[in-house]
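User: Could you walk me through how to read a structure like this one, feature by feature? I'd like the general idea each time, and then the case at hand.

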Amino acid sequence: MSLCDDTLLCNFPKCRAKLSGFAWVTACSHVFCDQHGSGEFSRSPAICPACSSALSGKLDIVRTELSPSEEYKAMVLAGLRPDIVLDISARALAFWSYQVHQERMYQEYSLSRADTQLKQMEKVLTQQNQSRELELSAMKGEIASLKKMMEEYKRKYSELSERLMERNRQYQKLQGLYDSLRLRNMVVGVGDRAMLPQPAHHQDFNPGVAQQATPQRSPQFPSLCPDGDRRFFSCSESDGARSFFHFSSPAGDRGRPFVSKH
């Protein structure tokens with residue numbers, strides 16, 4: 001705020017509003033808006049909210065109109081000597097200069113505080129950036145190690161895949177051999193069963209049937225004759241007239257009739 005500015009700001013710490021209409025002016029050169037002035041100066045004893053000065057005098061607090069009428073301006077200094085008028089004007093200008101100086105000091109304090117906060121924020125930001133750089137470098141190293149591990153896993157997976165394919169090929173080959181051997185065994189087994197003799201059905205004994213069932217030639221056994229000659233005889237002669245179960249009877253018995261005994 002400069003001397004050319006036509007507005008003042010409320011000196012209440014949490015207000016800082018532009019003044020218009022009525023304002024409260026104190027002997028300690030502070031000015032407040034109508035709302036905070038009415039609230040603060042209604043208590044006794046009155047204390048300045050800006051500098052905590054005691055305002056016990058009758059004219060230590062004045063409620064004034066910031067835009068007085070023309071009649072007021074024509075009569076407020078009328079009849080006073082020029083030195084008094086000049087003294088009043090000088091005090092009024094001093095009050096205005098103090099307000100300007102106070103506002104400048106406040107702005108400088110705000111700027112210094114903001115600058116301090118900015119430096120602190122920059123320091124914190126720098127620390128955070130350094131921390132992020134360290135974390136980023138650590139993450140890059142971890143990513144590189146993970147990539148290396150992934151390449152190793154890929155290589156192992158490729159080797160295992162090749163081994164698995166080779167095992168599958170061997171398995172398929174062995175499966176084919178097994179199937180062919182099993183099929184061959186099945187064919188041989190069927191042929192052996194076809195060549196085996198069929199089992200005979202149970203039936204009553206019949207000499208004729210038994211005679212037909214005997215082989216034409218029976219095994220030959222060696223026998224020694226009384227003269228010492230080694231001869232062979234067979235249970236069945238060459239013409240097949242006699243069977244293994246029929247033996248020659250003595251010559252004297254041939255003429256006897258066969259008598260069956262009951």
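Analyst: Happy to! Let's start with exposure: a residue is buried under 20% relative accessible area, exposed over 50%, and partly exposed in between. Keep in mind that this is a predicted model.

User: Then how does Val85 count, and why?

Analyst: Val85 has 22% relative accessibility, so it counts as partly exposed. Its place is in helix H3, residues 82–195.

User: Which residues does Val85 touch, leaving out those up to four places away in sequence?

Analyst: With those neighbours left out, Val85 touches Leu77 and Leu80.

User: Next, the interior. Which residues touch the most other members of the largest nonpolar core?

Analyst: The idea is to look for buried nonpolar residues joined through side-chain atoms within 4.5 Å. Here the largest core has 15 residues, and those touching the most other members are Cys10, Leu19, Val31, Phe32, Phe41, Leu55 and Ile61. Two elements give two or more residues to this core: strand S1 (22–26) and strand S2 (31–33). S2 gives the largest share, 3 residues.

User: Let me pick Leu55 from that list. What does Leu55 touch beyond four places in sequence?

Analyst: Its partners are Thr26, Cys28, Phe41, Ala46, Cys48, Asp60 and Ile61.

User: How many aromatic pairs does the structure hold?

Analyst: There are 2. To read a pair, check the distance between ring centres and then the angle between the planes: under 30 degrees is stacked, over 60 is edge-to-face, and the rest are tilted. Trp24 and Phe41 make a tilted pair, with 5.9 Å centre to centre and 50° between the planes.

User: Where do Trp24 and Phe41 lie, and what does the pair tie together?

Analyst: Trp24 is in strand S1, while Phe41 is in the loop between helix H1 (34–40) and strand S3 (46–47), so the pair ties together parts 17 residues apart in sequence. Both Trp24 and Phe41 are buried.

User: And what is the geometry of the pair formed by Phe32 and Phe41?

Analyst: That pair is edge-to-face, at 5.6 Å centre to centre and with 75° between the planes. Phe32 has 1% relative accessibility and therefore counts as buried; Phe41 is buried as well, with a relative accessible area of 12%. Put together, ring pairs link Trp24, Phe32 and Phe41 into a cluster.

User: Rings can also have a charge over them. Which ring does the charged end of Arg16 sit over?

Analyst: For an arginine, look at where CZ lies relative to the ring centre and the ring normal. The charged end of Arg16 sits over the ring of Tyr106, 3.9 Å from its centre. Arg63 does likewise with Phe22: its charged end sits over that ring, 4.2 Å from the centre.

User: On to pockets. What is the volume of the largest pocket, and which residues are closest to its centre?

Analyst: The volume is about 1100 Å³. Of the 29 lining residues, Val25, Thr64, Glu65, Ala92 and Phe95 are the closest to the pocket's centre. A good habit is to ask next which elements supply the lining. At least two residues each come from S1, strand S5 (61–65), helix H2 (70–75) and H3. H3 provides the largest share, with 7 residues.

User: What should I look for in the backbone? For instance, which peptide bond is cis?

Analyst: Omega is the angle to check. The bond from Ser44 to Pro45 is cis, with omega near 0°, and Pro45 is in the loop between H1 and S3. Then scan phi for positive values in residues other than glycine. Ser29 is one such case, with phi near 65°. Ser29 lies in the loop between S1 and S2 and is partly exposed, with a relative accessible area of 22%.

User: What about Ser52: what is its phi, and is it buried or exposed?

Analyst: Phi of Ser52 is near 60°, again a positive value in a residue other than glycine. Ser52 sits in the loop between S3 and strand S4 (54–55), and at 55% relative accessibility it counts as exposed.

User: Last one: how far apart are Ala27 and Ser53, in sequence and in space?

Analyst: They are 26 residues apart in sequence and 9.4 Å apart in space, C-alpha to C-alpha. Ala27 belongs to the loop between S1 and S2 and is exposed, with a relative accessible area of 54%.

How values were computed
Residues are numbered from 1 along each chain as its sequence is written. This is a predicted model: local features need pLDDT of at least 70, side-chain atom pairs count only at pLDDT 80 or more; totals for chains, interfaces and linings use all residues. Side-chain values use heavy atoms; hydrogens and water are left out. Buried means under 20% relative accessible area, exposed over 50%, partly exposed in between (1.4 Å probe, protein chains only). Helices (H or I, at least four residues) and strands (E, at least two) are DSSP runs, numbered from the N terminus. Contact means heavy atoms within 4.5 Å. Rings of Phe, Tyr and Trp (its six-membered ring) pair if their centres lie within 6.5 Å; planes under 30 degrees apart count as stacked, over 60 as edge-to-face and the rest as tilted. A charge sits over a ring if NZ of Lys or CZ of Arg is within 6 Å of the ring centre and within 35 degrees of the ring normal. On a 1 Å grid over the protein atoms alone, a cavity is a set of points where a 1.4 Å probe fits but cannot get out, and a pocket is an open set with protein on both sides within 12 Å along at least five of seven lines; lining residues have an atom within 4 Å of a point. Grid points are joined across faces, edges and corners, and a volume is the space filled by probe spheres set on the points.
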